[in-house]
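Open the model in a viewer and keep the sequence panel visible. The stops below are meant to be selected in order.

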Amino acid sequence: MEEVLSLITMIVILLVLSGFGRCSTNVYSRSDFPEGFVFGAGISAYQWEGAVDEDGRKPSVWDTFLHSRKMDNGDIACDGYHKYKEDVQLMAETGLHTFRFSISWSRLISNGRGSINPKGLQFYKNFIQELVKHGIEPHVTLHHYDHPQYLEDDYGGWINRKIIEDFTAYADVCFREFGNHVKFWTTINEANIFTIGGYNDGNSPPGRCSFPGRSCLLGNSSIETYIVGHNLLLAHASVSRLYKQKYKDIQGGSVGFSLFSMYFTPSTSSKDDIIATQRANDFYLGWMLEPLIYGDYPDAMRKTIGSRLPVFSDEESEQVKGSSDFIGVIHYVTASVTHIDINPSLSGIPDFNSDMGQSIYIASMRTVVSPWAMEGILENIKQSYGNPPVYILENGKTMTQDLELQQKDTPRIEYLDAYIGAVLKAVRNGSDTRGYFVWSFMDLYELLDGYKSTFGLYSVNFSDPHLKRSPKLSAHWYSGFLKGKTNFLASQGIAQLHSNFSSSS
């Protein structure tokens with residue numbers, strides 16, 4: 001019966017979307033969004049701060065992973081650790097309502113547990129106070145892929161349940177020290193992709209997997225992926241419970257959990273491909289979202305993975321269920337799904353990809369603009385998961401790092417216009433979406449892609465010793481939108497933006 005209902009839900013979503021406009025030239029303004037809807041932009045600690053070994057910071061798993069493979073790294077990045085006041089001034093001039101950033105666990109608590117690093121603590125206090133002083137709401141992520149290397153070396157990091165206690169103690173410090181000014185907390189960033197990349201595929205820190213030829217010295221893709229996912233959910237539930245018991249009545253904030261959200265479409269209209277698409281949704285989104293909403297993993301996962309999938313005790317299920325005040329949606333890509341009978345593992349043992357059992361083609365982030373996919377994700381969350389509060393914590397367009405071309409980034413404007421318009425349609429259709437954050441506020445060290453491509457509204461000249469920041473055309477467009485100007489992308493509107501941009505430059 002459940003599979004039939006899931007199939008009906010998928011068909012309804014596809015039918016609803018077929019009636020939505022797919023034009024990217026919607027005319028709308030900031031005032032068309034509900035009162036209280038927030039707009040912001042974001043960065044993360046490792047991608048922005050730099051100062052890799054200053055003032056008591058110790059290595060995270062990113063430092064170890066990148067340096068051991070001699071890849072581009074975030075040792076300096078944007079040097080936000082020293083330039084945060086300049087950057088907050090740019091945020092204020094842009095008109096941001098809110099700003100999303102992460103705290104480096106190993107900067108605040110050098111070894112991940114134990115004593116607080118006073119200089120790390122003071123940096124985050126100063127940064128948060130600077131945001132508040134300029135009228136910008138801080139939106140803090142506690143774990144953005146970067147747990148301390150010390151915990152990885154000591155007991156294996158997220159594969160060990162010991163980390164739940166350490167993560168909860170770290171969160172306690174953050175709530176106590178910053179909670180008077182921070183009302184929005186995301187515990188884990190992109191929990192599903194962090195887990196798949198770090199423990200199934202081995203292509204991101206801590207680089208554990210079973211695949212030959214992928215530089216994985218340790219790991220077991222068959223079980224660790226699911227153990228880590230389980231521990232992330234339990235750690236989130238523990239932190240959420242702590243906040244509700246100790247801080248919520250005083251501080252009045254909320255605690256959420258974020259997921260990377262691909263929009264899956266069947267490659268044909270066949271029943272097999274539609275069912276395969278639902279299965280892909282169950283594995284990528286339902287894996288974490290069903291426990292948070294309903295208290296257990298999707299049936300499709302429990303049936304396929306069997307004893308390799310951890311089991312929630314009754315008490316754990318109750319703690320995880322309802323532990324997220326909001327869901328953070330991170331969306332960039334669409335994927336086409338084709339049913340196949342067998343999807344063998346590359347390593348010879350079952351893993352996340354072979355367990356899912358579909359053939360998935362992911363469209364490139366560089367070329368595809370699919371605003372209807374954003375509508376589809378929000379519609380799916382509304383219909384399948386009880387319409388919880390949602391914040392779009394990341395959405396944006398990547399372009400090649402070319403300073404001259406980057407400045408007049410009309411494709412990024414067209415992308416943002418289309419996707420913000422899609423969010424507005426979803427809200428008007430009943431989605432409880434409450435905020436939208438552009439990724440990213442400025443060019444960053446892009447995880448795994450280094451400095452080759454950028455998402456920023458502001459360019460950073462990484463060849464300049466001073467790392468000069470400069471507004472791109474998209475920064476002017478977004479600022480105009482935030483300050484109440486009606487968006488339009490007719491040739492006249494773009495020409496006027498170019499003209500204003502050239503004269504201001």
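The tour goes from model confidence to the barrel, then to the helices and the core.

Colour by pLDDT to begin, since this is a predicted model. The mean for the protein is 90, and 87% of the residues reach 70 or more. Now select residues 1–24: pLDDT stays under 50 there, and the model has 38 contacts beyond four places in sequence for this stretch.

Next, show the strands of the barrel. Eight of them close it in the order β1-β2-β3-β4-β5-β7-β10-β12, with parallel pairing. On average, neighbouring strands of this sheet are turned by 25 degrees against each other, direction ignored.

For one pair in detail, select 137–143 (β3) and 184–188 (β4), which are joined by four bridges in the parallel sense. Within this pair, Thr-141 stands opposite Thr-186 of β4.

Add residues 410–428, helix α18. This helix lies across β1 (38–42), β10 (390–395) and β12 (433–439), and its direction is at about 170 degrees to β12. Then add residues 473–482, helix α19, which lies across β1 and β12 and runs at about 155 degrees to β1.

Turn to the side chains of the largest nonpolar core, a set of 140 residues. Which members touch the most others? They are Phe-99, Trp-158, Phe-178, Trp-185, Tyr-436, Phe-441 and Tyr-478. Helix α18 supplies the largest share of this core, 11 residues.

Finish by centring on Tyr-478. Beyond its neighbours within four places in sequence, Tyr-478 contacts Phe-39, Gly-40, Leu-96, Ile-420, Tyr-436, Val-438 and Leu-457.

Notes: Residues numbered from 1 in each chain as written. Predicted model: local features only at pLDDT ≥ 70, side-chain atom pairs only at ≥ 80, totals over all residues. Heavy atoms only, no water. Pairing = 2+ DSSP bridges. Helix = DSSP H or I, 4+ residues; strand = E, 2+ residues; numbered from the N terminus. Axes fitted to C-alpha atoms, helices over the stretch in contact; angles between N-to-C directions. Contact = heavy atoms within 4.5 Å. pLDDT = per-residue confidence, 0-100. Core = buried A, V, L, I, M, F, W, Y, C linked by side-chain atoms within 4.5 Å. Buried < 20%, exposed > 50% of the residue type's maximum accessible area, 1.4 Å probe, protein only.
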